Amino acid sequence: MHWQRMLVLAIIFSCTLSKAQYCENGQLIVDGGSYRGTVSVTRSGITCQKWTSTSPHSLARDFYNIHGEAAGLGEHNYCRNPDGTIDFENLDEEVVWCFTSDPSVPWDYCDPCQ
């Protein structure tokens, strides 16, 4: 029973983190897979697609079906990193990303700390 209470507290805590608790000096300081913020625009300014939607990119729904709510996916378009994506141009930086609402741009990184 004790571990269940701890799990509930951990979930509540992770859901209430602010930008200041995710970021330091303009960089994400939590593992990208742990990010649960509400940024929903990519670095290039494109609005993110809902994870449960199939339009314009059907892969978003596939990611939701595979990774689900445990990865922070759901009826929203917030940036996440459900698959452990790495930015190969900057291996030291944690990243989050989303499928975009632009049919010509399947996905893009987000900048939750800007």
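Which residues are exposed on the other side of α3? I began my notes with this helix, keeping in mind that the model is predicted.

**Entry 1, the helix α3.** I looked up the buried residues of α3 before turning to the exposed ones, and found that A60, F63 and Y64 are buried. They cover an arc of only 100° around the axis, which puts them on the same side of α3. I noted the general rule beside this, that an α-helix has 3.6 residues a turn, so residues three or four places apart point the same way. On the other side of the helix I found my answer, since N65 and I66 are the residues exposed there. I then asked what the buried residues of α3 pack against, and the partner turned out to be the strand β3. Just after the helix comes G68, and I wrote down that its phi is positive, near 60°.

**Entry 2, the whole chain.** I stepped back to place α3 among the other elements, and counted three helices and four strands in the protein chain. Read from the N terminus, these elements run in the order α-α-β-β-α-β-β. The chain has 114 residues, of which 37% are buried. For contacts with a separation of 6 or more, I recorded that 55% join residues 24 or more positions apart.

**Entry 3, the nonpolar core.** I next looked up the largest nonpolar core, which has 21 residues, and saw that L28 and W51 touch the most other members. The elements giving two or more residues to this core are α3 (59–67), β3 (96–99) and β4 (107–110), and β3 gives the most, with four residues. I followed L28 further and, leaving aside its neighbours within four places in sequence, found it in contact with Y22, Y35, E94, V95, V96, P112 and C113.

**Entry 4, the cavity.** How many cavities of 30 Å³ or more are there? I found one by this rule, and its volume is about 60 Å³. Its lining includes L28, which I had already met in the core, along with G26, Q27 and R43. The run E93, E94, V95 and V96 also lines the cavity, as do C110, D111, P112 and C113. Sorted by class, I noted six nonpolar, two polar and four charged residues in this lining. Setting the two lists side by side, I saw that L28 is in contact with E94, V95, V96, P112 and C113, among others, and that these five residues are also named in the lining of the cavity.

How values were computed
Residues numbered from 1 in each chain as written. Predicted model: local features only at pLDDT ≥ 70, side-chain atom pairs only at ≥ 80, totals over all residues. Heavy atoms only, no water. 1 Å grid on protein atoms, 1.4 Å probe; cavity = no way out; pocket = protein on both sides within 12 Å on 5 of 7 lines; lining within 4 Å. Points joined across faces, edges and corners; volume = space filled by probe spheres on them. Nonpolar A, V, L, I, M, F, W, Y, C, P; charged D, E, K, R; others polar. Core = buried A, V, L, I, M, F, W, Y, C linked by side-chain atoms within 4.5 Å. Buried < 20%, exposed > 50% of the residue type's maximum accessible area, 1.4 Å probe, protein only. Contact = heavy atoms within 4.5 Å. Arc of directions from axis to C-beta.
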